[in-house]
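The following paragraphs walk through one structure, beginning with a convention on which the later description of its strands depends. Please keep the sequence and the model in view while reading.

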Amino acid sequence: MALEVTNKESRLHRLELLKKLQSIDNKTHKLDKQKKTILSHLEKKNAQIEEATTLLTTKHEDSTGFQKEMDRKHLDLKCIEEQIGKSREKLLQIKNNKEYSAFLSEIGGREADKSLLEDEILSMMSELEGMTAEEKDLAKEEERQKKELAELRVTAEGELAVIDKNIEETRAEWGETAQQVDKEALDQYKRLIQKDGQAVVEVSAQACGGCFMQITPQTLNLLLRKQEIILCQNCDKILYLQEG
Ligand SMILES: [Zn+2]
């Protein structure tokens, strides 16, 4: 399969132009990839921060809830202490022996409740201390990640600016080169590029560099004659032989 050309001189020139277009497209593809990598780094960092923030918020809510629960226990303790105090005052006024011992055991019960509550509060206090320390660590981690993102952003912005400038330049170069290629060849080129980014491929060890199928002796002959643009019979890509 070969594309017809009217002007003999333009044939080789056309192949060179197509090769140039391919090399520009390769460059653009590389630049696009670099850009995507940088953007995905930023995205990843952002996601990490979001995760850290969510974790920190949850921890904070947990410890706030825990603190409230502890405050309630403190109030309960105060209440019990007041009750015990009042009971002790009343105890002094009781003359009846039976009533006295009943009251005494009631106070004993309250004292036991108080002691339990005090133990509970003490253990909660130490637990809260742990929670607060953990929260502090998480806040530090979040801060560290945010700082890292800020630094990453500065670097990324610089890199992206350079890449965008390069992309702009390659785009202009592509346009200039494409203008010199006839419509038929350019359309074929564009069709192939859209498929998998490869339109012009080198023939190496007598195989197409695109699909790796062996090329026929006739195709090789045509390529050696350098008279026209030769397409791979299997994948339609534009073939060329490396000079020398
Ligand atoms: Zn092929």
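Helices and strands are here runs assigned by DSSP, at least four residues for a helix and at least two for a strand, and they are numbered from the N terminus; two strands are said to pair if DSSP finds at least two bridges between them. The model to which these terms are applied is a predicted one.

With that convention, the hairpin of S4 and S5 can be described: six residues lie between its two strands, and among them Asp-236 takes a positive phi near 70°. Strand S4 covers residues 229–231 and pairs with S5 in the antiparallel sense, over two bridges, and in this pairing Ile-230 stands opposite Leu-239 of S5. Strand S5, residues 238–241, also pairs with strand S2, residues 200–204, here in the parallel sense and over four bridges. In this second pairing, Val-200 has Ile-238 of S5 as its bridge partner.

Turning to helix H3, one finds 14 residues, 183–196, that reach 20 Å from the first C-alpha to the last, close to the 20 Å expected at 1.5 Å a residue. Which residues of H3 are buried? Ala-185, Tyr-189 and Leu-192 are, and they lie on the same side of the helix because they cover an arc of only 70° around its axis. The general background is that an α-helix has 3.6 residues a turn, so residues three or four places apart point the same way. On the other side of H3, by contrast, Lys-183, Asp-187, Arg-191 and Gln-194 are exposed. The helix is followed by Gly-197, which has a positive phi, near 80°.

These elements belong to a protein with four helices and five strands, whose order along the sequence follows the pattern β-α-α-α-β-β-α-β-β.

What radius of gyration does the protein have, set beside that of a compact globule of 244 residues? The protein has 41 Å, whereas such a globule would have a value near 18 Å. The C-alpha atoms, taken along the principal axes, fill a box of roughly 130 × 35 × 30 Å. Of the 244 residues, 11% count as buried, and the buried residues of H3, namely Ala-185, Tyr-189 and Leu-192, can be read against that figure. Among the contacts between residues at least 6 apart in sequence, finally, 73% join residues that are at least 24 apart.

Note on methods
Residues numbered from 1 in each chain as written. Predicted model: local features only at pLDDT ≥ 70, side-chain atom pairs only at ≥ 80, totals over all residues. Expected span 1.5 Å × (residues − 1). Buried ≥ 20, exposed ≤ 12 C-beta atoms within 10 Å, placed from the backbone. Arc of directions from axis to C-beta. Rg over C-alpha atoms; globule rule 2.2 N^0.38 Å. Contact = placed C-beta atoms within 7 Å.
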